[in-house]
Amino acid sequence: MFRQKFLTVTLLVVILCTQFIPQAHAEGIPQHNSLGQVCDWAKFISDVTVTDGAYFPAGAPFVKTWRLQNIGTCTWTTAYSLVYYSGEQLGGVTPVMMPKEVKPGEMVDISINMVAPQTGGYHDSTWILRNASSVRFGIGANAALPVWVTIYVIESNMVAFDFVANAPYAQWKSGAGALPFPGTSGDTRGYAIKLDNPKLEDGSLDPQPGLLAVPQNKTDGYIQATYPEFLVQQGDRLRTTVSCEYGATGCYATFRVDYQTSNGVVKTLWKFPEKYEGKVYHSTIDLDSLAGQNVKFILTVLATGSASGDRALWGAPRILRLGT
């Protein structure tokens with residue numbers, strides 16, 4: 001009788017374990033060989049296009065590209081793929097097949113055609129790798145995490161003021177005096193120009209127009225734009241991406257947003273020191289303290305010491321009217 005019960009319990013344990021292991025594997029738990037090595041494992045390297053928090057108008061198509069490295073022991077064949085995992089699919093077709101064979105240690109760029117939703121605000125989509133046996137795997141210490149894209153959709157009625165579109169109407173100057181807009185590349189007095197798809201220092205392309213601002217080529221030089229008067233309302237937010245231009249390895253500058261009141265007083269609202277380090281920053285500045293006032297916003301880029309190599313990018317600087 002005891003022997004029969006023991007066999008029954010043992011059989012039950014075997015059945016449960018047999019059912020559990022494939023399920024756990026399907027959820028992305030890495031498989032190790034006898035040496036403790038992981039067959040399928042990825043490492044996130046960079047966002048080639050569309051950094052997190054990038055702005056898009058509603059319904060705009062875009063291409064999201066991730067750069068991944070194979071840090072496992074198995075080759076990713078063209079039967080491997082990237083599949084939708086969670087969040088919003090954003091129009092992406094799943095699966096996306098591996099564009100080439102990727103051996104251990106090699107990198108690959110994987111792209112998905114997507115479309116920004118019609119609804120304003122933040123939207124995110126996560127995707128995970130899948131091998132030829134339909135077993136999912138990904139990044140992270142357990143080879144189980146997906147990669148993701150996060151965008152911010154701006155409906156047309158949200159944009160209260162566009163600093164790029166209004167750049168020709170701003171008063172530009174440096175220590176050398178008044179400057180034209182657009183400026184001339186290489187002007188030692190400093191210059192600013194509009195870039196439709198600026199390349200950020202992490203190698204990604206900003207999908208929205210930005211301003212390249214190069215300060216006067218002298219120690220502690222600067223370049224500055226004073227915009228026409230603007231009536232701030234409750235819920236207004238100034239949003240921008242700050243970065244050095246890709247390849248400007250000597251860039252070391254400070255971004256600053258000032259405002260001038262109707263009586264001529266100038267105050268600093270926000271500033272951010274930036275240097276070339278392969279990172280991009282998305283900033284949201286709360287303007288509620290200025291609600292009800294007519295102010296002139298001033299965008300300034302200051303060199304830190306030598307201005308040589310300072311090529312600073314204001315990415316899609318806008319005032320968004322988000323309400324209360």
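This note goes through the predicted model point by point, from overall confidence to single residues.

1. **Confidence.** The model is predicted, not experimental. Mean pLDDT for the chain is 88, and 89% of the residues reach 70 or more. The weak part is residues 1-29, where pLDDT stays under 50. For that stretch the model has 12 contacts beyond four places in sequence. Where pLDDT is low, the predicted coordinates should not be read in detail.

2. **Overall make-up.** The chain has 324 residues, and buried residues make up 46% of them. Its secondary structure comes to 21 strands and one helix. Among contacts with a separation of 6 or more, 74% join residues 24 or more positions apart. The exposed surface comes to about 15700 Å². Carbon and sulfur atoms supply 54% of that area.

3. **Cavities.** Rolling a probe the size of a water molecule over the atoms shows where empty space is left. Here the structure holds three cavities of 30 Å³ or more. The largest has a volume of about 40 Å³.

4. **Lining of the largest cavity.** Which strand gives the largest share of this lining? Strand E7, residues 121-130, supplies three residues. By class, the lining has 11 nonpolar residues, one polar and no charged. Trp127, Ile128 and Leu129 are among the lining residues. So are Phe137, Gly138 and Ile139. Leu145, Pro146 and Val147 also line the cavity. Ala42, Leu68 and Leu82 complete the list.

5. **The E8-E9 loop.** Two alanines here are worth checking together. Alanine 141 is found in the loop between strand E8 (136-137) and strand E9 (147-154). Alanine 143 is found in the loop between E8 and E9 as well. Buried or exposed: how does alanine 141 count? Alanine 141 counts as exposed because its relative accessibility is 73%, above the 50% cut-off. Alanine 143 has a relative accessible area of 0%, so it is buried. Alanine 143 also has phi near 55°, a positive value in a residue other than glycine.

6. **Alanine 141 and alanine 42.** These two residues are 99 residues apart along the chain. Their C-alpha atoms are separated by 9.8 Å. Alanine 42 also appears in the lining of the largest cavity.

7. **Lysine 43.** This residue lies in strand E1, residues 42-49. Lysine 43 is partly exposed, with a relative accessible area of 43%. Leaving aside neighbours within four places in sequence, lysine 43 is in contact with Arg67, Leu68, Gln69, Ile71 and Ile139. Of these partners, Leu68 and Ile139 also line the largest cavity. Glycine 72 is 29 residues from lysine 43 in sequence, and the C-alpha to C-alpha distance is 9.2 Å.

8. **The E4-E5 loop.** Two backbone features need a look here. Most residues other than glycine have a negative phi, and most peptide bonds are trans. Leucine 90, in the loop between E4 and E5, has a positive phi, near 55°. Leucine 90 counts as buried because its relative accessibility is 6%, under the 20% cut-off. Proline 95 lies in the loop between strand E4 (81-87) and strand E5 (96-97). A cis peptide bond joins threonine 94 to proline 95, with omega about 0°.

9. **A further cis bond.** Which residues does the cis peptide bond with omega of about -5° join? Phenylalanine 181 and proline 182. Proline 182 lies in the loop between strand E12 (177-179) and strand E13 (191-195).

10. **Tyrosine 252.** This residue is found in strand E17, residues 252-260. Tyrosine 252 is partly exposed, at 43% relative accessible area. Beyond its neighbours within four places in sequence, tyrosine 252 is in contact with Glu274, Lys275, Ala303, Thr304 and Asp310. Tyrosine 276 lies 24 residues away along the chain, and the two C-alpha atoms are separated by 6.6 Å.

Note on methods. Residues numbered from 1 in each chain as written. Predicted model: local features only at pLDDT ≥ 70, side-chain atom pairs only at ≥ 80, totals over all residues. Heavy atoms only, no water. 1 Å grid on protein atoms, 1.4 Å probe; cavity = no way out; pocket = protein on both sides within 12 Å on 5 of 7 lines; lining within 4 Å. Points joined across faces, edges and corners; volume = space filled by probe spheres on them. Helix = DSSP H or I, 4+ residues; strand = E, 2+ residues; numbered from the N terminus. Nonpolar A, V, L, I, M, F, W, Y, C, P; charged D, E, K, R; others polar. Buried < 20%, exposed > 50% of the residue type's maximum accessible area, 1.4 Å probe, protein only. Contact = heavy atoms within 4.5 Å. Areas by Shrake-Rupley, 256 points an atom, 1.4 Å probe, with all protein chains shown as cover. pLDDT = per-residue confidence, 0-100.
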